[in-house]
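This report describes one protein structure in plain terms. Please look at the sequence and the model before reading on.

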Amino acid sequence: MPACIVCEDTITQPLCAVCMEQSIAAWLQEKLPPEEALAQLRDETVAIHDERGLTTCIRCNQHMAVCSYCYLDHIKRWLTQAFPEFVPEFTMFFGFDMHVEPELPMRGLIAGVV
Ligand SMILES: [Zn+2]
Ligand SMILES: [Zn+2]
């Protein structure tokens with residue numbers, strides 16, 4: 001099984017950065033001016049978008065290399081620095097105890113993008 005290049009865990013429910021970004025962006029656009037939200041989010045995650053591994057996204061079939069846990073962890077770190085007031089809601093909305101209950105956040109993400 002392909003593994004995440006960041007945490008080296010097996011990627012069991014691959015959802016790529018592009019697909020996850022749609023959920024995050026929809027949420028962030030309620031808080032920031034839409035263009036600004038998208039630009040900042042894209043700036044933060046461009047390196048993750050560029051990673052191409054052996055795993056393919058279950059939604060769009062793009063090759064990807066970073067698991068959703070690591071992607072969301074990255075977003076959370078960024079928010080903690082840039083918009084700490086958004087962190088509690090982000091944690092609640094995207095279910096951040098993912099390594100504990102891996103099913104829950106994926107359901108939330110998939111529900112958010114489909
Ligand atoms: Zn990972
Ligand atoms: Zn995708």
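In this predicted model, Cys16 touches Cys57, Cys60, Gln62 and Met64, leaving aside residues up to four places away in sequence. Cys16 also belongs to the largest nonpolar core, which has 20 residues. Cys16, Ala17, Met20, Val66, Cys67 and Tyr71 are the residues with the most contacts inside this core. Two elements, α1 (17-28) and α3 (68-82), each give two or more residues to the core. The element that gives the most is α1, with 5 residues.

**The protein as a whole**

The protein has 114 residues, and 25% of them are buried. Its secondary structure comes to 5 helices and 2 strands. Along the sequence these follow the pattern α-α-β-β-α-α-α. Among the contacts with a separation of 6 or more, 61% join residues that are 24 or more positions apart.

**Two helices of the core**

The table lists the span of each helix from its first C-alpha to its last.

| Helix | Residues in helix | Span | Expected span at 1.5 Å a residue |
|---|---|---|---|
| α1 | 12 residues | 15 Å | 16 Å |
| α3 | 15 residues | 21 Å | 21 Å |

For α1, the span is close to the expected value. The span of α3 is also close to the value expected for that helix.

Which residues of α1 are buried? They are Ala17, Cys19, Met20, Glu21, Ser23, Ile24 and Leu28. In α3, the buried residues are Ser68, Cys70, Tyr71, Leu72 and Ile75. Tyr71 of α3 was named above as one of the core residues with the most contacts.

**How α1 meets α2**

Two packed helices are described by the angle between their axes and the distance between the axes. The axes of α1 and α2 come within 11 Å and cross at roughly 155 degrees. An angle over 145 degrees counts as roughly antiparallel, and α1 and α2 are therefore roughly antiparallel to each other. The crossing in which α1 passes α2 is right-handed.

On the α1 side, the residues that meet α2 are Ala17, Val18, Glu21, Ile24, Ala25 and Leu28. On the α2 side, they are Ala37, Leu38, Leu41, Thr45, Ile48 and His49.

Leu38 lies in α2, which covers residues 34-50. Leu38 counts as partly exposed because 16 C-beta neighbours lie inside 10 Å, whereas a buried residue needs 20 or more and an exposed one has 12 or fewer. Leu38 and Leu28 are 10 residues apart along the chain, and 8.1 Å separates their C-alpha atoms.

**Two residues with positive phi**

Most residues other than glycine have a negative phi. Which sign does phi have at Glu8? Glu8 has a positive phi of about 65 degrees, although it is not a glycine. Glu8 lies in the segment before α1. With 9 other C-beta atoms within 10 Å, Glu8 is exposed.

Asn61 is not a glycine either, and its phi is positive, at about 70 degrees. Where in the chain is Asn61 placed? Asn61 sits in the loop between β1 (55-56) and β2 (63-64). Asn61 is exposed because it has 10 other C-beta atoms within 10 Å, and 12 or fewer count as exposed.

Technical notes: Residues are numbered from 1 along each chain as its sequence is written. Chains are lettered from A and ligands numbered from 1 in the order in which they are written. This is a predicted model: local features need pLDDT of at least 70, side-chain atom pairs count only at pLDDT 80 or more; totals for chains, interfaces and linings use all residues. A nonpolar core is a set of buried Ala, Val, Leu, Ile, Met, Phe, Trp, Tyr and Cys residues joined through C-beta atoms within 7 Å. Helices (H or I, at least four residues) and strands (E, at least two) are DSSP runs, numbered from the N terminus. Two residues are in contact if their C-beta atoms, placed from the backbone, lie within 7 Å. The expected span of a helix is 1.5 Å times one less than its number of residues. Axes are lines fitted to C-alpha atoms, for helices over the stretch in contact, and angles run from 0 to 180 degrees between N-to-C directions. Angles under 35 degrees count as roughly parallel, over 145 as roughly antiparallel, 65 to 115 as roughly perpendicular and the rest as oblique. A crossing is left-handed if the near helix is turned anticlockwise from the far one by less than a right angle, and right-handed if clockwise.
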